[in-house]
Amino acid sequence: MGFTIERIRLREIRMPLVHAFETSFGRTTERRILLVEAIADGVSGWGEVTAGEHPFYNEEWTDSAWLILRHYAGPRVLGRKLESAAEVAPLMTQIRGHRMAWGGLEAAVWDLEARLKGLPLYAHIGGGAHKTIPCGVSIGIQESVDALLAKIERELEAGYQRIKIKIKPGWDVDVVREVRRRFPQIRLMVDANSAYTLADADHLRRLDEFYLMMIEQPLAHDDIVDHAELQRRLETSICLDECIRSARHAEQAIRLGACRIINIKLGRVGGFLEARRVHDVAQAAGIPVWCGGMLESGVGRAHNIALSTLPNFQLPGDVSASKRYWARDIIHPPVEVSPEGTITVREAPGFGYELDHDFIRAITVREETIA
Ligand code: NPQ
Ligand code: MG
C-alpha cells in the first residue's frame, strides 16, 4: 500500500500520579509525557515516549527526547514514502542511543499503518497468540514495611497475578522476608534498578531462600558481563531490563548466561520492530519474556497490551489498570483489569481505545508540528 508521513505533532502533557512512585534511583510524583502523532492521508497514529523526567533510569529524559524527535528522528521520516512501518527503525540507525525518543515515533507509525489498514494494532504487529493479558503490579519503595504489606494486600484483592517490589540497599532482604512471611504463596519478584554491584553478590544470595520468580536488573544499567557472573552465583533467576536495548544485547546476554528471563519495554528497545526481534531471540532460546512498564499514559499502556499478545510473553507484565496511576487517563475507556487479574485486548483498529482530545488539550504544556 505505502504511505507518506506528512506531519508529526509533538505534545508534552503533564500528569500527576495518584501515588508517588519511588525506586532506587528516585521518587516521581508527576509525569512529563511526550505524545507523538504521526499523520498520513488525514489519518493519525499515536505513540508515547517512555523516557523519565530525569536521566536516571537510562540516559534519556523528556527534554532530550523532544530535541531528538524535533531535530533528528522526525526529519528522517517526514515526507518519505514508506512501504511499511518496519522501515522506520532502520532510518534511525545513525542516531546513537535515544531509543525511547525515536521509539515513540516508530510506535506511532505502526499504529498509523494499522489504522490505514483497518486492523487492530496487535494483529498488525503479528500478535494475537493471547487475547487476555495476565497482569502484575510494580510497587515502589514505601515508608514502612507495614505500608508495603497493606499495599500488596490491596493489589492481591484487586486480582493482580504477580507482585513486584522495588528494592535497594537497606530495603531488601529484611523487607522481602516480611513479605514472604505474610504472603508465602504469591508470585513475588524484586527489581533493583541497578542499585548493586558484584561486590554485593553474597548479600543478594540471601534472597535465594525466598523462592522469588526473579530478581530484575540488580547490577549496572549497561552491564551484561557481571550479571553473568552473578547469575552463576545465585539460585534466583536474573531478569534483565535496562541493559537489553536490542536483540543483539538479548542474544549476547543469553549466550553469556546473564539472565533466564527478559523484560521487554517498547521504548527502551526503540519500538515494535526491535521489541519483536528481542521477543524472537528469547523465544528461540527458551527464555520467557514479559512486558515492562514506564508509568505510561493510556497510549503507551495500549501499545504494551498489543505487544503482550505475542506468544513468548509468558509471564505477567507490569501492565496494570489506568486507575493505579491516573485520576483520569487520556484514553477512553481507561485500561481496566478483571477480578482475575487480566486485560482483554480490544478489537478496534489501531491501539483500540479512543483518545480524549479535550483532556489532552487541557493538559498540554507545549506542542509543535513539524511538516
Ligand atoms: C522498571 N518501571 O521496571 C520501571 C522503572 C521506572 C513500573 O517498575 C518515571 C519514568 C519514573 C519512568 C520510575 C516500573 C519511573 C520510570 C520507575 C520507570 O524498572
Ligand atoms: Mg525494571
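Select Ala20 first: in this predicted model, Ala20 is partly exposed, with a relative accessible area of 32%. The residue belongs to strand S2, which covers residues 7-23. Display its surroundings, leaving aside residues up to four places away in sequence, and the contacts of Ala20 are Arg27, Thr28 and Thr29. Then add Tyr325, which is 305 residues from Ala20 along the chain; the C-alpha atoms of Ala20 and Tyr325 are separated by 9.1 Å.

Proceed next to Asp41, in the loop that joins strand S3 (26-40) to strand S4 (43-49). Is Asp41 buried or exposed? Its relative accessible area is 53%, which makes Asp41 exposed. Inspect the backbone here as well: phi of Asp41 is positive, at about 55 degrees, although the residue is not a glycine. Most residues other than glycine have a negative phi.

The next stop is the metal site. Select the magnesium ion (ligand 2) and show the side chains of Asp191, Glu216 and Asp241. The ion is coordinated by OD of Asp191, OE of Glu216 and OD of Asp241, at 2.1 to 2.3 Å. Along the sequence, these donor residues follow the spacing D-x24-E-x24-D. Asp191 is part of strand S9 (residues 188-191) and Glu216 is part of strand S10 (residues 215-216), so this pair ties together parts that lie 25 residues apart in sequence. Switch to a surface representation to examine accessibility: both Asp191 and Glu216 are buried.

From strand S9, continue to Asn193, which is located in the loop between S9 and helix H6 (201-205). Asn193 has a positive phi, near 45 degrees, and is a residue other than glycine. With a relative accessible area of 7%, Asn193 is buried, since the limit for that class is under 20%.

Now colour helix H4 (residues 145-157) and helix H5 (residues 173-182). Their axes are 10 Å apart, and the two helices pack at an angle of about 45 degrees. H4 and H5 are therefore oblique to each other, and their crossing is right-handed. To view the contact, show Val145, Leu148, Leu149, Ile152 and Glu153 on H4, together with Val175, Glu178, Val179 and Arg182 on H5. By class, the contact of H4 with H5 comprises 6 nonpolar, no polar and 3 charged residues.

Move on to a second helix pair, H8 (residues 247-256) and H9 (residues 272-284). At what angle do the axes of H8 and H9 cross? They cross at roughly 20 degrees and come within 8 Å. Because angles under 35 degrees count as roughly parallel, H8 is described as roughly parallel to H9. H8 passes H9 in a right-handed crossing. On the H8 side, select Ala247, Ala250, Glu251 and Ile254; on the H9 side, the residues that they meet are Glu274, Arg277, Val278, Val281 and Ala282. The contact of H8 with H9 contains 6 nonpolar, no polar and 3 charged residues.

The final stop is Pro333, in the loop between strand S14 (331-332) and strand S15 (342-344). Display the backbone from His332 to Pro333: the peptide bond between them is cis, with omega near -10 degrees. Most peptide bonds are trans.

Note on methods. Residues numbered from 1 in each chain as written. Chains lettered and ligands numbered in written order. Predicted model: local features only at pLDDT ≥ 70, side-chain atom pairs only at ≥ 80, totals over all residues. Heavy atoms only, no water. Axes fitted to C-alpha atoms, helices over the stretch in contact; angles between N-to-C directions. Helix = DSSP H or I, 4+ residues; strand = E, 2+ residues; numbered from the N terminus. Parallel < 35°, antiparallel > 145°, perpendicular 65-115°, else oblique. Left-handed = near helix turned anticlockwise from the far one by under 90°. Contact = heavy atoms within 4.5 Å. Nonpolar A, V, L, I, M, F, W, Y, C, P; charged D, E, K, R; others polar. Donors = N, O, S within 2.8 Å, 3.2 Å for Na, K, Ca; no water. Buried < 20%, exposed > 50% of the residue type's maximum accessible area, 1.4 Å probe, protein only.
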